[in-house]
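Reader: I should be grateful for a close account of one part of this protein, namely the helix pairs and the residues through which they meet. Please treat the matter in a connected way, and place it within the whole chain where that is possible.

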Amino acid sequence: MSLQTTTTTTSQDACYISLLGLAEYFRTSQPPDIKKCIQCLQALFTFNPPSKVEARTHLQMGQILMTYTNNVDMARGHLESAWRLSEPLLNFDDVKFDTASLLAELYKRTDQVPLAKAMLRKAIELSQSNVFWHCKMLLQLSQLHANDKEYTLASELLAVGAESAQESSATYLKVLFLLSRAMILMIERKTNDVLALLNSAGAIIDNSITNPHQKEYLKVFFLVLQVCYYLALGQVKTVKPSLKQLQMSIQTIMAPNWPADEVIFGQNPMDMFVWLPKEQLYVLVYLVTVSHSMMAGYMDKAQKYTEKALTQIEKLKSQDDKPILSVFKVILLEHIVMCRMVMGNRELAITEISICRDVCLSSGPKSLMRRHSAQLHCLVGLYAMSTSFFEHAEKQFLTCVAQTSERDLKLFANLNLAIIYLRTKRDQDLKQILDAVSTENTHTYSSQALMGGFYYVQGLHSFHKGSFHEAKRFLRETLKMANAEDLNRLTSCSLVLLSHVFLSIGNSKESMNMVTPAMQLASKIPDIHVQLWGSAILKDLHRMSKDVLHEKEAYANHVKYSENLIADQLKCVQSVHHALIDWLEDAPQFAYGQQQDHPSTNVQAIPILPSTIIQEIPAHPTPSTSGQTHLMLQNLNQMMTPPIQQQFHSQHY
């Protein structure tokens, strides 16, 4: 090479480095000067740089345009140029696969998911000799398939990822794949397979993970899944030891002396994967604790933990408003709305439903609304039912049923529809819905809480028919299930109805034996509807036994609960949010008996398989270094028991 050529090359290299350094200076300025950053990078192309420099610069342009601007078309053009240039180049993996990952993300954002899948499949094929990128692409593609409810494909990709990690002796990463696959199987309700995977992952965590910090993070991931697994089965009592372990683990991770995530996961490329950063894990543990408290019937606890979690979410949002925080907020609000209605605070409930709906509508291209619409309609249905707007409640529940493919949410909505038909004396509709629910769920449904709710509705129906012996049989089944798992609210509802059954057949002693513990439980929850019902029964029982003092006390309590509910009802109908009872999307124009003749809108939600996002932490003027990878939850509510399913509405006497 001649001296002139060498001098020219050296001069060009100096120009590249100077322009890159200047671009990085403008990007990291406070505030960033993105226009000048882009101008510096654009100037690089005028020097006809080598293919590798050109590809890297196109990647950087695409990254910056995606991050700081709304110019999707220009970002796509640069990323596609970066891919075209880098794909055939050897030993250029970081740029090649970073480009593929970002381009797939851009295609997904612009609703071109088939292009995203094709891009990732190509990248997976090319990355087999680079385990880090191979695993990252497998996770990213499996998330896309899970989003489209292609669970078998997602599961197969995660299995391939676990094998690749094992072949590379990347034990930590293998466990992440196993736990991610367990989430998919949980969504599919493949109970035995979930247990097998959790047991396998748990054994590896206990025996083969040597880094204590990584071990604790994996334990939290494992325990969150285990807790959600038990809650989905309505096993509130069984889950307690796992929940306690989870709460202890998160306290360990949140301790002041715990290292930063970047320190724990930023050293080895195969360890640059983490399910969620610790601040988000902290909120998630609050969330599953709220779910447990609500299902167990501890409404005060649920409210206390919800307030703490929402405070933490707002703090995190002020620092960096990640989409996952809106997901957490929506699920927490869905839980607390149920608590409000149980406690008789319906005006607050409809206000929080409205807030929840606003969060969903403001979350970008309506992705949250698509996932939570059925849940919201069910909540509005419960509110309308509790305020005796039965026609509106029916439409909301039918909309929920039409919009969801979730079996347990559908069952819950149908059971509440059955109560509406019972109260409005629509015997034919009631028979059809109970027959359909019985056929669909008696032998296939595994949740203690919902099956207990099903027997409860059967008992209520028998009571209204005057079939008291049959009512007792159904309610004893409910009590057996509720008592086995400490489902306190279901227990209190069943006891008060049993008390009413015994009162109706003149057995005052047994009636008193049932209503007394019902009232004790109801006061602990507290459940104003059971208290109202129980106080009416107590008043009658004390009158029958000529106990004037206790009769007056029961009557005074009954008046107090009635007045509270009447005052709240007045606030409800005067609230601007009460108009939500008329909010319908794709509302079905048919009764339950005609339902099978109409296609479901089936727009419920995307599952929660982790996806990955590379965080750029450039330490020098050449970005595109592979930083920490976060496996982000996309939709927690599919993994957890939907929050409105396990608390059965009792205002039906």
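Author: In this predicted model, one helix pair is joined through Ser51, Glu54, Ala55, His58, Leu59, Met61, Gly62, Leu65 and Met66 on H3, which meet Met74, Ala75, His78, Leu79, Ser81, Ala82, Leu85 and Ser86 on H4. Sorted by class, the contact of H3 with H4 comprises ten nonpolar, six polar and one charged residues. H3 covers residues 51-68 and H4 covers residues 72-86; they pack at an angle of about 155°, and their axes lie 8 Å apart. Because angles over 145 degrees count as roughly antiparallel, H3 is roughly antiparallel to H4. The crossing of H3 and H4 is left-handed.

A second pair is formed by H6, residues 113-126, and H7, residues 131-147, which pack at about 155° with axes 9 Å apart. This angle makes H6 roughly antiparallel to H7, and the crossing of the two helices is left-handed. From H6, the residues making the contact are Ala116, Lys117, Leu120, Arg121, Ala123 and Ile124, while H7 supplies His134, Met137, Leu138, Gln140, Leu141, Leu144 and His145. The contact of H6 with H7 divides into eight nonpolar, three polar and two charged residues.

Leu141 deserves separate attention within this second pair. Leu141 belongs to helix H7 and has a relative accessible area of 0%, so it is buried. When neighbours within four places in sequence are left aside, Leu141 is in contact with Lys117, Leu120, Arg121, Ile124 and Leu157. With one of these partners, Ile124, the separation is 17 residues in sequence and 9.0 Å in space, from C-alpha to C-alpha.

The third pair consists of H12, residues 240-253, and H14, packed at an angle of about 155° with their axes 10 Å apart. H12 and H14 are therefore roughly antiparallel to each other, and their crossing is left-handed. On H12, Lys240, Leu243, Leu246, Gln247, Ile250, Gln251 and Ile253 meet Lys278, Leu281, Tyr282, Val285, Val288, Thr289 and His292 of H14. In terms of class, the contact of H12 with H14 holds eight nonpolar, four polar and two charged residues.

His292 lies in helix H14, which spans residues 278-296. Its relative accessibility is 7%, and His292 therefore counts as buried, the limit being under 20%. Apart from residues up to four places away in sequence, His292 touches Leu231, Val236, Val239, Lys240 and Leu243.

Leu246, named above in H12, also leads to the interior of the protein. The largest nonpolar core has 213 residues, and Leu246 is among those with the most contacts inside it, together with Leu173, Phe328 and Phe397. Helix H16, residues 323-342, gives the most to this core, with 14 residues. Phe397 touches Cys378, Gly381, Leu382, Met385, Ala413, Asn416, Leu417 and Ile420, if residues up to four places away in sequence are not counted.

As to the whole chain, the protein contains 28 helices and three strands. Of its 653 residues, 58% are buried. Among contacts with a separation of 6 or more, 70% join residues 24 or more positions apart.

Conventions. Residues are numbered from 1 along each chain as its sequence is written. This is a predicted model: local features need pLDDT of at least 70, side-chain atom pairs count only at pLDDT 80 or more; totals for chains, interfaces and linings use all residues. Side-chain values use heavy atoms; hydrogens and water are left out. Axes are lines fitted to C-alpha atoms, for helices over the stretch in contact, and angles run from 0 to 180 degrees between N-to-C directions. Helices (H or I, at least four residues) and strands (E, at least two) are DSSP runs, numbered from the N terminus. Angles under 35 degrees count as roughly parallel, over 145 as roughly antiparallel, 65 to 115 as roughly perpendicular and the rest as oblique. A crossing is left-handed if the near helix is turned anticlockwise from the far one by less than a right angle, and right-handed if clockwise. Contact means heavy atoms within 4.5 Å. Ala, Val, Leu, Ile, Met, Phe, Trp, Tyr, Cys and Pro count as nonpolar, Asp, Glu, Lys and Arg as charged, and the others, Gly among them, as polar. A nonpolar core is a set of buried Ala, Val, Leu, Ile, Met, Phe, Trp, Tyr and Cys residues joined through side-chain atoms within 4.5 Å. Buried means under 20% relative accessible area, exposed over 50%, partly exposed in between (1.4 Å probe, protein chains only).
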